[in-house]
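The following exercises are to be worked through with the sequence and the structure at hand. Each task is followed by a solution in steps.

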Amino acid sequence: MSLTNYFLFGFVLCGALAAKISELEDPEGRVVGGKDAPDGALPYQVSLQRSDHNNFAFCGGAIIADRWILTAAHCLQSVSAKDLSVLAGTNSKSSGGIRYKVDKIINHEKYTNRPNVNDIALLRTTENIKFTEKVKAIEIATEDPKPGDLCKLSGWGFTDKYGRRSPDKLQWLDVKIISEKDCKTDYLKRFEKDFPITENHICTLNKDGEGTCQGDSGGSLVCKNKTNGIVSFNIPCAHGQPDAYTRSTKYSKWINGKMEANKP
C-alpha cells in the first residue's frame, strides 16, 4: 500500500498515517498533551522512516542492542526492510542524528491486525549502532509497574486529539498505569472483537487531552528506566479513554530468542 492511500480514521492503530501526505505540511505531530523532551534525555528513542518516501517519519522504536530496534508489528505491514531507515541520536525527526539502514524485519509469528494481538516486532540494522551520550540501548523490564505508577511516554505522534499539524520535536509525557480491569471500559468493550485488552497488554490513562496518538506507535513506555510496553493502539486519541501497549515483559523470551537466532 502506498503512503498516499492512508487516511484518518475515527480510531486507528497509533502508527497508521493519518492523512494524505500531499495534503499536510507535516502529517506527523507529537504525544498529545506532552512537552518538548530535553535534548539527549531519551537516548534509546528512534524514529522509523520510509527511505523510499523522502525519509517520511511514521512510527517510533527503541534501541535494545547494538543492531536491534524494538517496535510494533502494525508499523511494518506492507513495507520491506530496504525501504526503511532508523534515525537515532536526535530529538528532531527531520534533522541531526545518525541514520541506519535496516536489513531484517521480524514480526511476531502470531501477530494479527484484527484482532490486534502480539503487536511486537524487531528491526535489525545493517551495521552496529554507535553508542554515544545521545544514543544508548534500553533494557527490557522483567517486572511490571503497578497501577498508579507513573511511566514515560515519548514520540512524534499528533500533537492534539483531532490530528492537526505540529512541530517535529520529540515529545514526552508522564502517564499513569491502570489495571487490566480498569482498562476494559464500557466504551472499549464495544471494540473488543478487533482490539481486545488481554494479559499481554498494559494500559495507561491520563486526563482528557493527554495520551498517545497516530505516529507514536512502536515507541516504548518506560518505567524506572526500562521498557515495559510498546505503543499499540488508542480508541481514539486522548479522549479520556485508556491507551494500550504491548506488554514487553510477556515477550522478553521471544525478543531474546529472535535476536540470538538472527545474529548477523
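**Exercise 1. A salt bridge between two loops**

Is Asp-39 buried or exposed? Determine also which residue meets the side chain of Asp-39 in a salt bridge.

Solution. The model is a predicted one.

Step 1. A residue counts as exposed when its relative accessible area is over 50%. Asp-39 has a relative accessibility of 55%, and therefore Asp-39 is exposed.

Step 2. The side chain of Asp-39 forms a salt bridge with that of Lys-134, with a distance of 2.6 Å from N to O. This pair links distant parts of the chain, 95 residues apart. Asp-39 belongs to the loop between strand 2 (35-36) and strand 3 (45-50), and Lys-134 to the loop between strand 8 (121-125) and strand 9 (139-140).

Step 3. The relative accessible area of Lys-134 is 36%, so Lys-134 is partly exposed.

**Exercise 2. Further salt bridges**

How many salt bridges are counted, and which residues do salt bridges with shared partners join into one network?

Solution.

Step 1. The count comes to 13 salt bridges.

Step 2. One of these is the pair of Asp-103 and Arg-67, whose side chains meet at 3.6 Å, N to O. Asp-103 lies in strand 7 (residues 98-107), whereas Arg-67 lies in the loop between strand 4 (56-65) and strand 5 (68-71); the two are 36 residues apart, and the pair links distant parts of the chain.

Step 3. The partners are then classified. Asp-103 has a relative accessible area of 33%, so it is partly exposed. Arg-67 has a relative accessible area of 10%, so it is buried.

Step 4. Lys-136 and Glu-133 form another salt bridge, with the closest N and O atoms 3.7 Å apart. Lys-136 is partly exposed because its relative accessibility is 34%, and Glu-133 is exposed because its relative accessible area is 62%.

Step 5. Through salt bridges that share partners, Arg-67, Asp-103 and Arg-124 are joined into one network.

**Exercise 3. The barrel**

In what order do the six strands close into a barrel? Follow the pairing from strand 3 to strand 8.

Solution.

Step 1. In general, the strands of a sheet pair through backbone hydrogen bonds, in a parallel or an antiparallel manner.

Step 2. Here, the barrel is closed by six strands in the order 3-4-5-8-7-6, and their pairing is antiparallel. On average, neighbouring strands of this sheet are turned by 45° against each other, direction ignored.

Step 3. Strand 3 and strand 4 run antiparallel and are joined by six bridges. Within this pairing, Val-46 has Gly-61 in strand 4 as its bridge partner.

Step 4. Strand 4 is joined to strand 5 by three bridges, again antiparallel. These two strands form a hairpin with two residues between them, and Leu-70 in strand 5 stands opposite Ala-62.

Step 5. From strand 5, Trp-68 and Leu-70 point one way, Ile-69 and Thr-71 the other way, and all are buried.

Step 6. Strand 5 pairs with strand 8 over four bridges in the antiparallel sense, and Thr-71 stands opposite Ala-121 in strand 8.

**Exercise 4. Cavities**

How many cavities of 30 Å³ or more are counted, and which residues line the largest cavity?

Solution.

Step 1. There are two cavities of 30 Å³ or more.

Step 2. The largest cavity holds about 60 Å³ of space. Its lining includes Asp-39 and Lys-134, together with Gly-40, Leu-42, Pro-43, Gln-45, Gly-89, Thr-90, Asn-91 and Leu-170. By class, this lining has three nonpolar, five polar and two charged residues.

Step 3. The second largest cavity holds about 40 Å³. Among the residues that line this cavity are Thr-204, Glu-210, Ala-238 and Asp-243. The lining divides into two nonpolar, five polar and three charged residues.

**Exercise 5. Backbone angles in the loops**

Which residue does a cis peptide bond join to Pro-115, and what is the phi of Ala-238?

Solution.

Step 1. Arg-114 is joined to Pro-115 by a cis peptide bond, with omega about 0°. Pro-115 is located in the loop between strand 7 and strand 8.

Step 2. The bond from Ile-235 to Pro-236 is also cis, with omega near -15°.

Step 3. Ala-238 is not a glycine, yet its phi is positive, about 50°. Ala-238 lies in the loop between strand 14 and strand 15 and is buried, since its relative accessible area is 1%.

Definitions and conventions:
Residues numbered from 1 in each chain as written. Predicted model: local features only at pLDDT ≥ 70, side-chain atom pairs only at ≥ 80, totals over all residues. Heavy atoms only, no water. 1 Å grid on protein atoms, 1.4 Å probe; cavity = no way out; pocket = protein on both sides within 12 Å on 5 of 7 lines; lining within 4 Å. Points joined across faces, edges and corners; volume = space filled by probe spheres on them. Nonpolar A, V, L, I, M, F, W, Y, C, P; charged D, E, K, R; others polar. Salt bridge = Lys/Arg side-chain N within 4 Å of Asp/Glu carboxyl O. Buried < 20%, exposed > 50% of the residue type's maximum accessible area, 1.4 Å probe, protein only. Pairing = 2+ DSSP bridges. Axes fitted to C-alpha atoms, helices over the stretch in contact; angles between N-to-C directions.
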